[in-house]
Amino acid sequence: MKCPFCGYSESKVIDSRPADENASIRRRRECLSCAKRFTTYETVESLPMVVIKKDGSRQSFDRSKVLGGMIRACEKRPVPLAELEKIADEIEQELQNAMEREIRTDVVGEKVMDRLRTVDQVAYVRFASVYRQFKDIDTFMAELNKLLAEK
């Protein structure tokens, strides 16, 4: 790590501690040449994920879109926001761990529905009705019947 003051490439670590809720490590360093101190952050490098939409277009994976869809599905339901954020984090981590750089939206949608089914069945049905684009009452009832059969 080069010193930002003198450009010398050697420094010693004075202090290390977790930062950003353990997502990175903050290091306090001292240059071995000029003795000035500076701070660095160490994070895990994550490769960008691309989502392939139903129409074939591609766009960057956006965790906030996943969270936003779940929040809309859980509107006026007794589901804490912290739980939805945890689910969004889990889904993002699962997708990162899969090491696939291109993910179809149906894969993401199914993961969301699997999690919502266990958290709140009404939210699950709301999300599924939009995601699967129920065309009529029969397809809606078929999904409800499937949910009842699981009980």
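1. Let's start with R104, which comes out as partly exposed, its relative accessible area being 46%. Keep in mind that this is a predicted model. R104 pairs with D106 in a salt bridge, and their closest N and O atoms sit 3.1 Å apart. D106 is partly exposed too, with a relative accessible area of 31%.

2. Some of the charged pairs link up further. K86, E90, E94, K111 and R115 are joined into one network through salt bridges that share partners. Across the structure, the count of salt bridges is twelve.

3. Which residue does E102 pair with? The partner is R58, and the closest N and O atoms of this salt bridge are 3.1 Å apart. E102 belongs to strand β6 (residues 102-104) and R58 to strand β5 (residues 58-60), so this salt bridge ties together parts that are 44 residues apart in sequence. For anyone looking at the surface here, E102 has 42% relative accessibility, which makes it partly exposed. R58 is at 48% and is also partly exposed; the cut-off for exposed is over 50%, so R58 stays in the partly exposed class.

4. Then there's R17 with D15. Their salt bridge has its closest N and O atoms 2.7 Å apart. Are these two buried, exposed or in between? R17 is partly exposed at 44% relative accessibility, and D15 is partly exposed with a relative accessible area of 26%. Buried would need under 20%, so D15 doesn't qualify as buried.

5. One general reminder for reading these pairs: side chains of opposite charge can pair when their charged atoms come close.

Technical notes
Residues are numbered from 1 along each chain as its sequence is written. This is a predicted model: local features need pLDDT of at least 70, side-chain atom pairs count only at pLDDT 80 or more; totals for chains, interfaces and linings use all residues. Side-chain values use heavy atoms; hydrogens and water are left out. A salt bridge is a side-chain nitrogen of Lys or Arg within 4 Å of a carboxyl oxygen of Asp or Glu. Buried means under 20% relative accessible area, exposed over 50%, partly exposed in between (1.4 Å probe, protein chains only). Helices (H or I, at least four residues) and strands (E, at least two) are DSSP runs, numbered from the N terminus.
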